[in-house]
Amino acid sequence: VACVKTEIDGRIVTLIDTPGFDDTNMTDGEVLCLISKWLNDTYQHGMLLTGIILLQPVDGIRAYGSEVRRTRLFRQICGQDAFGNVVIGTTMWSKLKDRNDGLKRVEQRKKSGDFWANLVTKGARLEEHQDTTESAHRIIRMLMDKTKKPLQLQEELAKAGGRVSGTSAAKQLYEDINMVSSEKQEK
C-alpha cells in the first residue's frame with residue numbers, strides 16, 4: 001500500500017494505491033490481507049476514506065470470470081453504505097480500435113448485477129479516465145467533498161479484532177476460490 005500526497009485546487013489530497021486483485025505477484029488472499037491490515041490500522045486511528053476509485057479496463061483483455069469475482073469482492077470490502085463514495089473509473093480507452101466497443105462494455109456492466117448495477121443504483125458513479133492528469137483530477141474532485149464513511153471491511157475487522165477470516169470479503173474470496181476449484185474439477 002502506497003500513500004502519495006498531491007495538491008488539487010489548493011487542497012492537499014492523500015491518494016492510497018493498493019495492489020489489485022489478479023495481481024501477478026500476489027494471490028488474491030495476500031492482497032486482501034494487505035488491504036485489510038492497512039484499513040484496520042487506519043480505522044483504529046480514526047481515519048476514514050473520503051472516496052474509492054475502482055479502475056476498470058474497457059479493452060476486453062481481462063477475463064470475464066475474474067472480473068466478476070473482483071467486483072463481488074470489491075462490493076464486500078466497501079459495503080452498500082459506502083457505494084455513494086465510489087467512482088468506477090473506466091480505463092484503456094486509447095487501446096480500443098472502436099470506441100463504441102468500450103461504450104457497449106460499460107453499458108453492459110452498468111446494467112449487470114454481476115458487475116456494476118448494484119454499485120451504481122446505490123450511488124457509485126461511472127467516469128472515463130483518459131490517462132491524463134486532468135482526467136485523474138476530475139475523478140478525484142468527484143470525491144473530495146464526500147462525507148467520510150467507514151467501509152464494511154473496516155467495521156467487520158474492528159468487531160473481529162483485526163482477523164480477516166471472519167469478514168464478508170474473506171467469505172466471498174473463499175466462496176469464489178471454491179467455485180473456481182469446482183469448475184476446474186468438472187473440466
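How many disulfides does this structure contain? The count comes to zero disulfides, and the cysteines make a good place to start the tour. Keep in mind as you click around that this is a predicted model.

**Stop 1: the cysteines**

Select Cys3, Cys33 and Cys78, and show their sulfur atoms. A disulfide is a covalent bond between the sulfur atoms of two cysteines. Begin with Cys3: the closest cysteine sulfur belongs to Cys78 and is 17 Å away, too far for a bond. Now move to Cys33, where the closest cysteine sulfur is again in Cys78, at 17 Å, so a bond is ruled out by distance. The cut-off for a disulfide is 2.5 Å between the sulfur atoms. While these residues are on screen, turn on a surface: Cys3 is partly exposed, with a relative accessible area of 48%, and Cys33 is partly exposed as well, at 43%.

**Stop 2: Asp9 and its partner**

Next, select Asp9, in the loop between β1 and β2. Is Asp9 buried or exposed? With a relative accessibility of 54%, Asp9 counts as exposed. Check its backbone too: phi of Asp9 is near 55°, a positive value in a residue other than glycine. Most residues other than glycine have a negative phi.

Now add Arg141 to the selection. The side chains of Asp9 and Arg141 form a salt bridge, with N and O 2.7 Å apart. Arg141 sits in helix α5 (residues 133-144) and Asp9 in the loop between β1 (2-8) and β2 (11-17), so this pair ties together parts that are 132 residues apart in sequence. Arg141 is partly exposed, at 37% relative accessibility.

**Stop 3: salt bridges along helices**

How many salt bridges are there? The count comes to eight salt bridges, one of which you have just seen between Arg141 and Asp9. Side chains of opposite charge can pair when their charged atoms come close.

Go to helix α1 (residues 28-44) and pick Lys37 and Asp41. Their side chains meet in a salt bridge at 2.8 Å, N to O. The two residues are four apart in helix α1, which means about one helical turn separates them. Lys37 is exposed, with a relative accessible area of 53%, whereas Asp41 is partly exposed, at 33%.

Then jump to helix α3 (residues 99-111) and select Glu107 and Lys111, which are four residues apart in that helix and separated by about one helical turn. This pair also forms a salt bridge, and the closest N and O atoms are 3.6 Å apart. On the surface view, Lys111 counts as exposed at 64% relative accessibility, while Glu107 counts as partly exposed at 34%.

**Stop 4: rings and charges**

Colour the aromatic side chains next. What is the count of aromatic pairs? It comes to zero aromatic pairs. Rings do have charged company, though, as two arginines show. Select Arg99 with Trp93: Arg99 lies over the face of Trp93, 4.8 Å from the ring centre. Then select Arg109 with Phe115, where Arg109 lies over the face of the ring at 4.9 Å from its centre. Rotating the view to look down on each ring is a handy way to inspect these two contacts.

**Stop 5: a nonpolar surface patch**

Which residues make a nonpolar surface patch of about 190 Å²? Select Val1, Ile16 and Leu34, which together make that patch. Leu34 will look familiar in its setting, as this residue lies in helix α1. Leu34 counts as partly exposed, at 32% relative accessibility.

**Stop 6: a second positive phi**

Select Asp131, in the loop between β5 (125-128) and α5. Phi of Asp131 is near 65°, a positive value in a residue other than glycine. Asp131 is exposed, with a relative accessible area of 69%.

**Stop 7: Asn118 and Gln80**

For the last stop, find Asn118 in helix α4 (residues 117-121). Asn118 is partly exposed, with a relative accessible area of 30%. Add Gln80 and draw a distance between the C-alpha atoms: the two residues are 38 apart in sequence and 8.5 Å apart in space.

Conventions: Residues numbered from 1 in each chain as written. Predicted model: local features only at pLDDT ≥ 70, side-chain atom pairs only at ≥ 80, totals over all residues. Heavy atoms only, no water. Phe/Tyr/Trp six-rings, centres within 6.5 Å; stacked < 30°, edge-to-face > 60°. Lys NZ or Arg CZ within 6 Å of the ring centre and 35° of its normal. Patch = residues over 30% accessible without salt bridge, like charges linked within 9 Å, V, L, I, M, F, W, Y side chains within 5 Å. Areas by Shrake-Rupley, 256 points an atom, 1.4 Å probe, with all protein chains shown as cover. Salt bridge = Lys/Arg side-chain N within 4 Å of Asp/Glu carboxyl O. Buried < 20%, exposed > 50% of the residue type's maximum accessible area, 1.4 Å probe, protein only.
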